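This briefing covers the protein chain and the two DNA strands shown below. The points that follow are grouped by topic.

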Amino acid sequence: MPELPEVETIVRGLRPFLIGKTIQKAILLWERTLVTPSASDFVRLVDGRTIVNITRRAKFLHILLSPPPLLSLIVHLRMSGDLQIRSIEHPTAPHDRLLLHLTDDHVLAFYDPRKFGRVWLVENPATVFARLGPEPLSEEFTSVWLYAALHRRHRQLKPLLLDQTFLAGLGNIYTDEALYRSRLHPLRLSDTITTVEAERLHTAIRQVLLDGITCQGASIDRVYRRGRFQNCFLVYGKAGQPCSVCRTPIVRLIVGQRGTHICPNCQRRT
DNA sequence: CCTGAAACCTGTCTGC
DNA sequence: TGCAGACAGGTTTCAG
């Protein structure tokens, strides 16, 4: 489900509600959701801890638990995950995988129909984030960095942009939209991108993510319902519909096993 | 190093 | 109506 803008929206929504709340009891409903530690250690370690902050790194949510030494509760929503606040009258729903009962009679539920989502509880969050590339909305991500990084590799553009060790936060939708906005073909080899093209791609990536956040993400199925960025898609899910620039029908192809949407006229391979 | 395929899962939609 | 098949916003692992 969620890419960077959706996760950012969820974090911003949860932050004012969760900060200051204390965990009274944890219930793990699907064992494989928890990467580390063991279920019994997890339940024991979070019990009685207070949420002091919640932030985002790439597509991970990072919930900080006091007292010191602080523990990091890290969540990746993968394809279908969501974090939802439940009232004590309706504390669970089908597909809930982890419940955190809070002392104010609310429940923080990790809801995840496809069971791909994962949770970590660690002392050092860097162990989970170790391999991630830069944040695309940070100052570290510049067009100069992007050009150099593209030329250090020899890979198809789209799978490279989806690689979280290269750049952290893009997913299938925002990659297609960024490539379309920068008029680059998803199969272009990364080391053939010119300086001007890298500048265009850099601008498009940042702009599409910022637009997504402004719209509070995109809602495509019933899992994530908050956003309206789906109304602004120019290519994703638009196969057969006319390109907004040249009216050529949008084409759907498969790149790196992922559905990929392009304007075959605006996004030439050579 | 790079690519593609398969695996992890469940739900929804389409077409016969 | 029933059923097979395709498809879904992600990531990891493995073979070539």
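In this predicted model, buried residues account for 35% of the 270 residues of chain A. Chain A contains 7 helices and 11 strands. Of the contacts in chain A between residues at least 6 apart in sequence, 61% link residues that are at least 24 apart.

**Overall dimensions**

- The radius of gyration of chain A is 20 Å, which agrees with the value near 18 Å for a compact globule of 270 residues.
- Taken along the principal axes, the box filled by the C-alpha atoms of chain A is roughly 60 × 35 × 30 Å.

**The four-stranded sheet**

- Four strands form an open sheet in the order β1-β7-β8-β6, and their pairing is antiparallel.
- The edges are occupied by β1 (23-28) and β6, each of which has a single partner strand, so one side of each is left without a neighbour in the sheet.
- On average, and with direction ignored, neighbouring strands of this sheet are turned by 20 degrees against each other.

**Strand β8 and its partners**

- Strand β8 spans residues 106-111 and is mostly covered, with 5 of its 6 residues buried.
- On one side, strand β6 (residues 82-87) runs antiparallel to β8 and is joined to it by 6 bridges.
- Within that pairing, D82 has Y111 of β8 as its bridge partner.
- Strand β7 (residues 96-102) also pairs with β8 in the antiparallel sense, here over 5 bridges.
- Two positions illustrate the register: L100 stands opposite L108 in β8, and H101 stands opposite V107 in β8.
- A hairpin is formed by β7 and β8, with 3 residues between them. In its turn, D105 has a positive phi of about 70 degrees.

**Strand β9 and its partners**

- Strand β9 covers residues 118-122 and pairs with strand β2 (residues 34-36) in the parallel sense over 2 bridges.
- In this parallel pairing, T36 has W120 of β9 as its bridge partner.
- Strand β5 (residues 71-76) runs antiparallel to β9, and 5 bridges join the two.
- W120 of β9 stands opposite I74. W120 is thus matched both with I74 and with T36.

**Cis peptide bonds**

- The peptide bond from S66 to P67 is cis, and its omega is near 10 degrees.
- P67 is placed in the loop between β4 (60-66) and β5.
- A cis peptide bond also runs from P68 to P69, with omega near -5 degrees.
- P69 likewise belongs to the loop between β4 and β5.

**Positive phi outside glycine**

- A58 is a residue other than glycine with a positive phi, near 55 degrees.
- The loop between β3 (50-57) and β4 holds A58.
- A58 counts as buried because it has 20 C-beta neighbours inside 10 Å, and 20 or more is the requirement for that class.
- R247, also a residue other than glycine, has a positive phi near 70 degrees.
- R247 is found in the loop between α7 (195-214) and β10 (251-255).
- R247 counts as exposed because it has 10 C-beta neighbours inside 10 Å, and the limit for that class is 12 or fewer.

**Surroundings of DNA strand B**

- The residues around DNA strand B are R32, P113, R114, K115, F116, R153, H154, R155, Q156, P159, G256 and Q257.
- By class, the surface near DNA strand B comprises 3 nonpolar, 4 polar and 5 charged residues.

**Surroundings of DNA strand C**

- There are 21 residues around DNA strand C, of which G171, N172, I220, D221 and G259 come nearest.
- Two elements, α6 (172-181) and β11 (258-262), give two or more residues to the surface near DNA strand C.
- This surface near DNA strand C divides into 9 nonpolar, 6 polar and 6 charged residues.

Technical notes: Residues numbered from 1 in each chain as written. Chains lettered and ligands numbered in written order. Predicted model: local features only at pLDDT ≥ 70, side-chain atom pairs only at ≥ 80, totals over all residues. Near = placed C-beta within 6 Å. Nonpolar A, V, L, I, M, F, W, Y, C, P; charged D, E, K, R; others polar. Rg over C-alpha atoms; globule rule 2.2 N^0.38 Å. Contact = placed C-beta atoms within 7 Å. Pairing = 2+ DSSP bridges. Axes fitted to C-alpha atoms, helices over the stretch in contact; angles between N-to-C directions.
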